[in-house]
Amino acid sequence: MLRRLYDWTIRMADHPRALWVLAVVSFVESSVFPIPPDVLMIPMILARPSRAWLIAFVALLSSVIGGLLGYAIGALAYQEIGQPILESLGKGDAVEAFGERFNDFGFWAVLAAGITPFPYKVITIMSGWTGMPLFTFVATSILARGLRFFIVAGLLWKFGAPVRDFIEKRLGLLTIIFVVLLFGGFYLVRHL
């Protein structure tokens, strides 16, 4: 089943609308969706390495725009939308105390969440809720997401074929590692 899903993703990565799907996934991941855009971005670059920079740019742009939606949720609709999202991630009780300290480390929090598997949507919502300066939020988001997506794109562009062979030979192990990192990020959110 995993092999079929991988093969389907590779085929879809070469689909004429793949960039639009990536844009939507990157956008909603930054504010509400729990699955990172890397799940689609990596196979897209492996399928078409010549488009690596375009793919990274689409992921970056969509992610930052989606981050602005998360910021708006935190700033304008925290009680109605933001708090339920954070509670679903196990952050409901710690939000008040965290919010008091957040802006002291806001730049670093956005940078860390933008680069790591830590759920970026938590930081986008918290940035709006705590009133982080919008310019700081946007600039840091561009830096963090740019680093994340363009480093991945560069590595896959440079070492695409061996990386693809490595992934295809060790698909099960890599899936387990990805799931552990994903749930590890959620675990960190619940226990910070």
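**Aromatic pairs and the packing of helix H4**

The count of aromatic pairs comes to four in this predicted model. One of them joins tryptophan 53 and phenylalanine 150, whose rings are stacked, at 6.2 Å centre to centre and with 10 degrees between the planes. Helix H4, which spans residues 52–76, also packs against helix H8, residues 120–129.

**Ring pairs between H4 and H9**

- Tryptophan 53 lies in helix H4 and phenylalanine 150 in helix H9 (residues 134–169), so their pair ties together parts that are 97 residues apart in sequence.
- Tryptophan 53 counts as partly exposed, at 38% relative accessibility, and phenylalanine 150 likewise counts as partly exposed, at 29%.
- The rings of tyrosine 71 and phenylalanine 137 form a tilted pair, because their planes stand at 35 degrees, with the centres 5.1 Å apart.
- Since tyrosine 71 belongs to helix H4 and phenylalanine 137 to helix H9, this pair ties together parts that are 66 residues apart in sequence; both tyrosine 71 and phenylalanine 137 are buried.
- Trp53, Phe150 and Trp157 are linked by ring pairs into a cluster.

**Packing of H4 against H8**

- The axes of H4 and H8 lie 6 Å apart and meet at an angle of about 50 degrees, which means that H4 is oblique to H8.
- The crossing of these two helices, H4 and H8, is right-handed.
- On the H4 side the contact includes Ser63, Gly67, Gly70 and Tyr71, and on the H8 side the residues include Tyr120, Thr124, Ile125 and Trp129.
- Sorted by class, the contact of H4 with H8 has six nonpolar and seven polar residues, and no charged ones.

Key. Residues numbered from 1 in each chain as written. Predicted model: local features only at pLDDT ≥ 70, side-chain atom pairs only at ≥ 80, totals over all residues. Heavy atoms only, no water. Axes fitted to C-alpha atoms, helices over the stretch in contact; angles between N-to-C directions. Helix = DSSP H or I, 4+ residues; strand = E, 2+ residues; numbered from the N terminus. Parallel < 35°, antiparallel > 145°, perpendicular 65-115°, else oblique. Left-handed = near helix turned anticlockwise from the far one by under 90°. Contact = heavy atoms within 4.5 Å. Nonpolar A, V, L, I, M, F, W, Y, C, P; charged D, E, K, R; others polar. Phe/Tyr/Trp six-rings, centres within 6.5 Å; stacked < 30°, edge-to-face > 60°. Buried < 20%, exposed > 50% of the residue type's maximum accessible area, 1.4 Å probe, protein only.
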